[in-house]
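Trainee: I am new to this structure and would like a close look at a single annotated position, and then at how the parts around it are put together. Please take it slowly and link each step to the one before.

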Amino acid sequence: IIIKGKCPEDGWDESTIELFLHELAIMDSNNFLGNCGVGEREGRVVSGLVARRHYRLIHGIGRSGDISAVQPKAAGSSLLNKLTNSVVLDIIKLSGVRTVTNCFVVPMATGMSLTLCFLTLRHKRPKAKYIIWPRIDQKSCFKSMITAGFEPVVIENVLEGDELRTDIEAVEAKIKVLGAENILCVHSTTSCFAPRVPDRLEELAVICANYDIPHIVNNAYGVQSSKCMHLIQQGARVGRIDAFVQSLDKNFMVPVGGAIIAGFNESFIQEISKMYPGRASASPSLDVLITLLSLGASGYKQLLKERKEMFSYLSSELKKLADIHNERLLDTPHNPISLAMSLKNLDENNDAAVTQLGSMLFTRQVSGARVVPCGSVQTVNNYTFKGFMSHANDYPCAYLNAASAIGIKKQDVDVFLKRLDKCLKTARKEAKKEKSGNEISNSNTDMEQLED
């Protein structure tokens with residue numbers, strides 16, 4: 001791992017990992033036996049529990065001017081940081097983006113990491129004020145542009161069959177109207193909730209190359225999908241992709257709080273790392289390094305294989321359940337992670353029944369399933385989205401989302417389908433009962449009016 005900077009093929013046992021971390025920790029000055037610290041930041045920790053939780057790697061990563069810089073009094077933490085970035089780069093290549101040249105782990109989730117990318121581009125394009133953004137109804141990626149001080153230009157998706165896809169013609173038309181020099185970048189998305197599917201990255205990358213506009217990709221949970229990673233690889237091959245950002249927790253099953261910023265131009269990725277102000281927490285780096293050392297490259301590849309198998313299983317079983325309830329599994333072949341099942345019959349019986357189904361699933365400990373009603377309106381940072389959560393102003397039907405993400409087991413799918421079946425039956429009964437009650441009430445009102 002130190003000589004080649006690669007993830008070991010076979011995972012290490014826990015005692016070996018702990019020994020390795022302790023060896024790194026004793027290289028930090030706060031753990032020297034004769035250390036005499038007279039500065040304001042000397043890695044002092046009053047709680048032994050906190051010190052043990054962090055394996056006594058207290059100094060964090062980077063220096064005040066660069067998150068990737070080596071800190072002389074924290075040689076162990078600095079080595080940890082370098083090794084983590086190197087091992088993560090190896091895993092990104094293994095997952096499908098083979099020509100990536102550089103990456104670093106940043107102790108912020110995906111939204112703030114995207115903001116950091118936009119702020120770095122600001123210095124390269126001082127006149128730019130707009131970001132071209134094919135619509136995806138997810139608040140953090142929208143707010144990442146607002147927080148950076150830019151104006152998102154929302155490009156509505158086009159409906160092709162059941163799928164919502166990138167409107168390439170609208171993107172290019174908007175670039176011509178605004179002027180390429182006034183556009184900071186195109187902000188595209190790979191991983192997303194069905195029926196939206198990954199953006200047409202190759203076409204967008206070609207447009208960005210032709211108009212000399214930077215291209216930032218939100219790859220939030222795309223590392224686990226060979227299709228999403230292939231799109232990024234192809235986009236970089238035929239056009240322009242400056243950076244792609246992915247979450248640590250969604251792709252590597254670690255606690256929330258970290259992301260990976262990666263790209264094909266080493267100097268630009270270094271610029272982003274230097275834009276981060278001050279030092280940073282080493283916790284996300286430590287978590288992902290421990291995880292990848294325990295899994296090994298073979299263990300991670302096995303998880304990717306199992307996820308893909310579970311996607312096929314979830315798809316076939318959800319289709320069967322949809323048929324039973326006179327609904328249908330929406331046809332979204334370009335989405336490799338998320339599925340959607342229509343709720344048309346439930347929606348027709350009672351407007352509130354769709355939302356009620358979501359509550360029923362949650363109270364029955366089904367987490368992660370999204371129930372999307374028709375016509376929902378929401379305002380985010382003074383921008384009003386019609387049909388919010390459905391990625392379109394007027395999607396044809398209400399629906400339910402379920403995803404096959406890394407780490408999902410057959411038991412999860414089976415329990416989910418069993419509980420969904422019961423909830424659908426209950427929701428339909430209650431919706432019909434309420435509809436019948438309303439009809440009787442309306443009939444009585446009509447009779448009273450006639451009598452009057």
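**From one annotated arginine to the whole chain**

Mentor: With a relative accessibility of 22%, R41 counts as partly exposed, because the buried class holds residues under 20% and the exposed class those over 50%. Please keep in mind that this is a predicted model. R41 is a fair place to begin, since the UniProt annotation "binding site", from an unreviewed entry, covers R41. Along the chain, R41 is found in the loop that runs between α1 (14-25) and α2 (48-53). If residues up to four places away in sequence are set aside, R41 touches H59, Q71, K73 and R279.

A second position carries a UniProt record as well: the unreviewed entry places the feature "modified residue: N6-(pyridoxal phosphate)lysine" at K250. K250 is found in helix α9, which covers residues 248-252, and with a relative accessible area of 36% K250 is partly exposed. Again leaving out residues up to four places away in sequence, K250 touches T110, A220, Y221, Q224 and I406.

To place these residues in a wider frame, consider the domains. The protein chain is divided into domain 1 (59-295) and domain 2 (300-438), and the centres of the two, taken over C-alpha atoms, are separated by 28 Å. Their contact takes 39 residues from domain 1 and 40 residues from domain 2.

The interior can be read in a similar way. In soluble globular proteins, nonpolar side chains tend to be buried together. Here the largest nonpolar core has 79 residues, of which I92, F118 and I261 touch the most other members. Helix α11, made of residues 283-324, gives the most to this core, with 8 residues, and the core draws at least three residues from each of domain 1 (59-295) and domain 2 (300-438). For one of its members, I261, the contacts beyond four places in sequence include N102, F104, V106, L116, A243, V245 and I272. Apart from this core lies another, of 30 residues, among them L321, L339, A402 and A427.

Aromatic side chains add a further layer, for the structure holds 10 aromatic pairs. In one of them, the ring centres of F142 and Y383 lie 5.9 Å apart with their planes at 55 degrees, so the pair is tilted. Because F142 lies in helix α5 (residues 139-147) and Y383 in strand β13 (residues 383-386), this pair ties together parts that are 241 residues apart in sequence. F142 counts as buried, at 3% relative accessibility, whereas Y383 counts as partly exposed, at 31%. Y383 also pairs with F385, their ring centres being 4.8 Å apart and their planes at 55 degrees, so this pair is tilted too. F385 itself, at 2% relative accessibility, counts as buried. Seen together, W133, F142, Y383, F385 and F388 form one aromatic cluster.

Finally, an aromatic ring may also face a charged side chain, as at F193, where R370 lies over the face of the ring at 3.9 Å from the ring centre.

Note on methods
Residues are numbered from 1 along each chain as its sequence is written. This is a predicted model: local features need pLDDT of at least 70, side-chain atom pairs count only at pLDDT 80 or more; totals for chains, interfaces and linings use all residues. Side-chain values use heavy atoms; hydrogens and water are left out. Rings of Phe, Tyr and Trp (its six-membered ring) pair if their centres lie within 6.5 Å; planes under 30 degrees apart count as stacked, over 60 as edge-to-face and the rest as tilted. Helices (H or I, at least four residues) and strands (E, at least two) are DSSP runs, numbered from the N terminus. Buried means under 20% relative accessible area, exposed over 50%, partly exposed in between (1.4 Å probe, protein chains only). A charge sits over a ring if NZ of Lys or CZ of Arg is within 6 Å of the ring centre and within 35 degrees of the ring normal. UniProt positions are given in the numbering used here, feature names are shortened, and annotations may be inferred rather than shown by experiment. Contact means heavy atoms within 4.5 Å. A nonpolar core is a set of buried Ala, Val, Leu, Ile, Met, Phe, Trp, Tyr and Cys residues joined through side-chain atoms within 4.5 Å. Domain bounds come from an automatic or database domain assignment.
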